[in-house]
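Got your viewer open? Set it to show side chains as sticks, and let's walk through a few selections.

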Amino acid sequence: MQYKKLITAAMLFAASPASHGQLLKNILNTNKTTAPNNEGLIQALRADVTELSQDKYSGRLMGTTGYNNVTAHIEKRMKEIGLTRYGTIGYKSVFKYVTGRSATVESRFLVNGKNVVINSDVLPLPFCANEDNNSYVIPGTIANYAAWVAPLFDRPGTHEFTEASIEPLIKKIRNAQDRGATALYLYDDSSNGIDLKDVKHHCNLPIDRDITIPVWIISKKAYTEYFKDVNYFMPVFSSPKFRNDFKEGYNIAGTINNNAASTIVIMADYDQLYPAKGDVLNGANDNASGVATMLQLATLLKAPEYKQYNYAFIAFSGSQMGTLGAQSFLSIPDIKSKLAYAIDLTAVGKLNERGEIFINGAGSAANFAAAIKEASVEYSPRVGTTYPHVASYTKFLDEQVPVLSFSTGYPQQFTAQTDKVSNINFAGMATVTRYIMGGIASVNKAGQPAYSRN
């Protein structure tokens, strides 16, 4: 689904400087929400964002030790808040995700009828096509509609295969494919011979659908034994077979059980979105700010006036890998029938001086617009901006669960230099937190939302 279809009735609420303070007094003050004083809320938000943005968490990048450690921290915070555990192990729910492919023992590579050892002497590249090829080849000879045997490196004297080798390798593959190669056998022409384990590590990439031919790397040893100095046609048969490699990802979830009939999901993506080369992308705004706000809402929504619903607070991961975490949650049997609606928090750390808060998904329930209008006295609605990336809330829309997604706007990209704690407006985060509390109160008063296709 395209963003323009997903953001169905997005609103931007901009209060004038004169009315903004009065608005907060009217609908978001401590008499109506049990929120702590503003300074206390600011300090609590600052503590969580600062912790979640530390370098030691490796930018919360899935699959890293830092990612595993930050899940433990979020679990600890949910326990401190007093949330009931909702996971397969404590607060943690496990899902598996594909990290790449590995050649299996069923793979075959034969030269003149002789088997060449898979993974140590020859390696099929997992991001390329999974096709058999049976050809007669002469090493170094290029012909249309035939398999090519060509050098791996373009620079003489190369002695290692690194991340920097990937881009020229893909260009070489596409060039051979465009020129009529039916398979590509790239032999190691480095000075000392490379370890195919290094090639496998750097080439464990998602399948490239634009590459339609199989590609193999031949070790220096195998090239010397089977191909070097050969000047006649010889038969080469290759058959790459792969298995998927998996790692574990985690959602972290805790609940407030009010013994109500339906549950409101409060969600925030916590894993890293855009890993930076050479730098840790701390992700203070995107999306430590969302997780920190979610944790504060978990404290505030214990108030008696919110007890008509149960609440599930979920930190999702895998959003940039196809919303894997959200899909895992929504695949729980009968879970959608138990949900009233969802609130998403994505990059809420940069409220500007105009007090602009973006709300996406306002058209996903018929009574959202009226409830938001009630909670937004003296605000002027405008059209909001689309997200520059996928957020887990879009999966809820796909599954026809009403959802409101809050943000304070987006730059074109998040960088290691700009998305740091020093750039966060914590007073603005407190304002956003209080506004969302008022919005939830208005939606709850209007009755349980029904999904709308508007």
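Select Asp245 and Ser102 together: their side chains make a polar contact at 2.6 Å. Keep in mind that you're looking at a predicted model, so treat that distance as a computed one, since local features and side-chain pairs had to pass pLDDT cut-offs to be counted.

Stay on Asp245 and colour by secondary structure; this residue sits in strand S12. Is Asp245 buried or exposed? With a relative accessibility of 14%, Asp245 is buried, because the cut-off for that label is under 20%. Now show what surrounds it. Leaving out residues up to four places away in sequence, Asp245 touches Tyr97, Val98, Thr99, Gly100, Arg101, Ser102 and Asn204. So Ser102, the polar partner from a moment ago, is one of the residues on that contact list.

Next, follow strand S12, which spans 242-256, into the loop that leads to strand S13 (263-269), and pick Asn259 there. Check its backbone: phi is positive, about 55 degrees, and this is not a glycine. Most residues other than glycine have a negative phi. As for its surroundings, Asn259 is exposed, at 69% relative accessibility.

Now jump to Asp229. Where does Asp229 lie? You'll find it in the loop between helix H8 (220-226) and strand S11 (234-239). Asp229 is another non-glycine residue with a positive phi, near 70 degrees. Put a surface on and Asp229 turns out to be exposed, with a relative accessible area of 71%.

For the last local stop, select Asp286 and Asn287 and look at the bond between them. Which kind of peptide bond joins the two? The answer is a cis one, with omega about 10 degrees. Most peptide bonds are trans. Asn287 belongs to helix H9, residues 284-300.

Finally, zoom out to the whole chain. Cartoon view gives you 13 helices and 18 strands. Of the 454 residues, 56% are buried, and Asp245 has that label too. Switch on contacts: among those with a separation of 6 or more, 86% are between residues 24 or more positions apart. With the surface shown, the chain exposes about 20100 Å², and carbon and sulfur atoms supply 50% of that area.

Technical notes:
Residues numbered from 1 in each chain as written. Predicted model: local features only at pLDDT ≥ 70, side-chain atom pairs only at ≥ 80, totals over all residues. Heavy atoms only, no water. Helix = DSSP H or I, 4+ residues; strand = E, 2+ residues; numbered from the N terminus. Buried < 20%, exposed > 50% of the residue type's maximum accessible area, 1.4 Å probe, protein only. Polar contact = N/O pair within 3.5 Å; in protein donor to acceptor, adjacent residues only side chain to side chain. Contact = heavy atoms within 4.5 Å. Areas by Shrake-Rupley, 256 points an atom, 1.4 Å probe, with all protein chains shown as cover.
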